[in-house]
Amino acid sequence: MQYGSIDRPYVVPDTTFQPQVMLPQKYVKWLSTQPKSVLSSEAVRIERNGVKYLPTSLDPESSLLFIDKIVGQSLSQGLDLIQPDMYDEIRHTVDSTLGTDVCSWRVIDLSQAMSTIIDGTGNRVLFGLSLCRNVTYLRVLRLFIIFMGASTLLIGQLPPWVLRPVAGALLSIPTLIFKKLSVSYVQPLVKERMQSVNVDDNDQGSSSRKSHDFVTQSIKSAKKFRKSIEGDVSMYLAEQFLILAFAGMATTVAAATNVCLDILSASPRIKLYETLRLEAVSVFKSEADWMSPASIKNLPNTDSTIRESLRKNTLQSRGLLKKVMPKEGILLPDGTHVPQGTWLGVPVQAMQQDEKLYPQAYEYDPLRFTRLQITMNTEEAGSKDDPSAGKNLFDAAQPSDKYLSFSYGRSAW
Ligand code: HEM
């Protein structure tokens, strides 16, 4: 951190013995805009997630196609269509997990409760009502997520020689079993949705409009890229959806647990809980407000609180990792030579706790981003030519070169 905060690159040790160089914040934009023939994040992902040792038949290129073309279109553009179902499921899972009795106290395992709420809601968004309330499937999927998570984390931390293949072989057995079991639930659903999308295409009927879940939308997007998908399309999509569920749910459970703990342990002096409750009451006045995409855009204090939690409790300590590809190595913007094979990255955790970027960085200041947004809006009020004017730059998930909780650039999530 001492080198990063004086704007200098530095070498960090790693349990894998992989040479890694952390870059200062001023190089984030440079790092994220280098072509993949120079700096490759795919090469790092394959090594770091132990892809070679895991039971996935998906090659990284086809996963990238899925993420870029299909997920990008279906999840981001179709979010408005998914919102009513999402709220319905949040309400259902919150009520059944936390209870509706407001008179008596009950002990709750917060992380377990968040896992139940997010697994239910995530599966409703991805697969619709039939799977999200199927208790056996949810159990099997959770076990897949746990083993897949443990495998990628552990394998990625081990030296690549003897230990990695041995751990890979042992962990891939339960991962494969739970993946196959999860696929046995998801693939029939994918096939059924593929058929109904085809029927709708042929008779221009209205039945697909009833199903807005992510699978249906992805199938519509995937049809445009059919030529690029080889083999059994339903198997390809089922496997991709499971990897997406794995990538999305474990991170969201961890982030949501941290957000709740931060809110509940905030100093009573700042009346955070009361402020957030008042904001929610002023926005969600009727049932229709819960369904409206406009509502969530009017919660600046809630956005700021989530963003502050993610700033303070980053899920990754190092991010934006990329491997140097050219044989001759590369030169950093300050002229430092870095040899081929080295990983370059950014110390996300240290950066987001740097006093130069965030005054009183070690303090939990939930409304920090609301204040920044107000200042920025005031400064921009006169500058009509500024393309960022009026945009909510501090939405909880809006990446910037100082806020990498959802990564940055092409791989931002
Ligand atoms: C608060 C919740 C979340 C956080 C903090 C988060 C954070 C991140 C970060 C930091 C990365 C980059 C990882 C890397 O360096 O390799 C990432 C990648 C990814 N995330 Fe999330 N994520 C969240 C929720 C989700 C959700 C809900 C989904 C989808 C349902 C999702 C899907 C993905 C995917 C597919 C990638 C890989 C992107 C790529 O490789 O280009 N994430 N996420």
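This report walks through the fold, the cores, one strand and one helix of a predicted model.

## Overall make-up

The chain's secondary structure adds up to 17 helices and 7 strands. There are 413 residues in the chain, and 30% of them count as buried.

How do the contacts spread along the sequence? Take the contacts between residues at least 6 apart in sequence: 69% of these join residues at least 24 apart.

## The main nonpolar core

If you're after the hydrophobic packing, start here. The largest nonpolar core contains 39 residues, and F144, V186, V215, F241 and A245 are the ones with the most contacts inside it. At least two core residues come from each of α3 (60-77), α5 (110-127), α7 (135-157), α8 (163-203), α10 (214-224) and α11 (233-265). Which helix gives the largest share? That's α11, with 9 residues.

F144 is a handy one to click on. Leaving out residues up to four places away in sequence, F144 touches T175, F178, K179, S182 and L242.

## A second core and strand β4

Separate from that, there's a second core of 17 residues, which includes L23, L320, L321 and V324.

Now for strand β4, which spans residues 319-324. Why is β4 described as largely enclosed by the rest of the structure? Because 6 of its 6 residues are buried. On the pairing side, strand β3 (residues 39-40) runs antiparallel to β4, and 2 bridges join them. One specific link there is L39, whose bridge partner in β4 is V324. β4 also pairs with strand β7 (residues 343-346), again in the antiparallel sense, over 3 bridges. In that pairing, K323 has W343 in β7 as its bridge partner.

## The annotated transmembrane stretch

The unreviewed UniProt entry carries a "transmembrane region" annotation covering residues 140-162. In the model, the chain over residues 140-162 is 78% helix and 0% strand. The C-alpha atoms at the two ends of this stretch sit 30 Å apart. F144, listed above among the residues with the most contacts inside the largest core, falls within the annotated residues 140-162.

## Helix α12

Helix α12 runs over residues 272-283, so to speak a 12-residue piece. From first C-alpha to last, α12 reaches 17 Å, close to the 16 Å expected at 1.5 Å a residue. Is α12 covered or uncovered by its surroundings? α12 is hardly covered: among its 12 residues, the count of buried ones is 1.

Methods
Residues are numbered from 1 along each chain as its sequence is written. This is a predicted model: local features need pLDDT of at least 70, side-chain atom pairs count only at pLDDT 80 or more; totals for chains, interfaces and linings use all residues. Helices (H or I, at least four residues) and strands (E, at least two) are DSSP runs, numbered from the N terminus. The expected span of a helix is 1.5 Å times one less than its number of residues. A residue is buried if 20 or more other C-beta atoms lie within 10 Å of its own, exposed if 12 or fewer, and partly exposed in between; C-beta atoms are placed from the backbone. UniProt positions are given in the numbering used here, feature names are shortened, and annotations may be inferred rather than shown by experiment. Two residues are in contact if their C-beta atoms, placed from the backbone, lie within 7 Å. Two strands pair if DSSP finds at least two bridges between them. A nonpolar core is a set of buried Ala, Val, Leu, Ile, Met, Phe, Trp, Tyr and Cys residues joined through C-beta atoms within 7 Å.
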